[in-house]
Each structure stands twice: as structure tokens, then as C-alpha cells.
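User: Could you take a close look at one part of this model for me? I'd like to see how a single residue sits, and then what follows it along the chain.

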Amino acid sequence: MAMARRRYCRHCRQPLRVTMRVDALYCGPACRAAARRSSIYWMKVIAVDLAAARGLQDRIGRHCPVCGRWFVPGVGVRRDAVYDTPACRTAAWRARRASSPRQPLREAVTESAAVTDAGTPARG
Ligand SMILES: [Zn+2]
Ligand SMILES: [Zn+2]
């Protein structure tokens, strides 16, 4: 069959332009990048499942100190994340603030005041 097959973007399912390369899979760089991101995401999800099945959770993941839920940094959250959700991060931050009220703030103020005193000439 010599008839040209109509091709579709693998990501957004829109028809590809006829001017696109024969081996093009996506309608543009944006879709290619998005597809790549999501495939990396699913590869990580599968890796996480495998690790969990083998009892390797502690090697690749960590427990959220707030809710205790096990999660894997880099999958759905930042790689250096300590908490599994922004809500948990906020809760931890509030708890820290409540246990030592205003202390970080006062430190910062004292430090900047010292810098100002040293660097600013005394006014008559
Ligand atoms: Zn597309
Ligand atoms: Zn949590």
C-alpha cells in the first residue's frame, strides 16, 4: 500500500504536519519534552514499585517526619524534599515556629543591625 499513513503526535494526539520528518513522533519540541518528562516519571514509578517489592524502600525513599508516609524524593516531589507534601512541610514549619517563637527572626534582626552599625558612619 503506497497510501501515506496519517500520523499523530504521540503526546497530544494532534495530526502531525505533512512537512514533518518521516520518523517524527511528536508535533513539536514541547510535546517531545512533555512526553520525555512523563516517561521518566513512569520509569521512576516502576522502579519505586520494584524496590518496594524487594524490600528496598529505605534505600530509595524516606519517611515524611510529619505524617510518616513513605515517599521517594524525585518522584512527584523535589529530589531534596524532606516532606512528602507541601502541607506537611508547612505543618513542620509551623511546629518549629511554635516551639521556638520568634527566635530565628530575632537572630536575623540582630545580625543585620550589627552589619548596619559597623558599615554606617555615625550620624552627628
Ligand atoms: Zn503534540
Ligand atoms: Zn507527610
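Analyst: Happy to! Ala24 is partly exposed because 15 other C-beta atoms lie within 10 Å of its own; the cut-offs are 20 or more such atoms for buried, 12 or fewer for exposed, and partly exposed in between, with C-beta atoms placed from the backbone. Keep in mind that this is a predicted model, in which local features need pLDDT of at least 70 and side-chain atom pairs count only at pLDDT 80 or more, while totals for chains, interfaces and linings use all residues. Residues are numbered from 1 along each chain as its sequence is written, and chains are lettered from A and ligands numbered from 1 in the order in which they are written.

Ala24 belongs to the segment before α1 (29–53); helices here are DSSP runs of H or I with at least four residues, strands are runs of E with at least two, and both are numbered from the N terminus. The C-alpha atoms of Ala24 and Arg10 are 9.5 Å apart, with their positions 14 residues apart along the chain.

Next comes the helix itself. With 25 residues at 1.5 Å a residue, α1 should span 36 Å, and its end C-alpha atoms are indeed 36 Å apart; the expected span is 1.5 Å times one less than the number of residues. The number of buried residues in α1 is one, so the helix lies largely in the open. After α1 comes Gly55, with a positive phi near 75°.

For the wider setting, the protein chain has four helices and two strands, in the order α-α-β-β-α-α. Buried residues make up 6% of its 124 residues.
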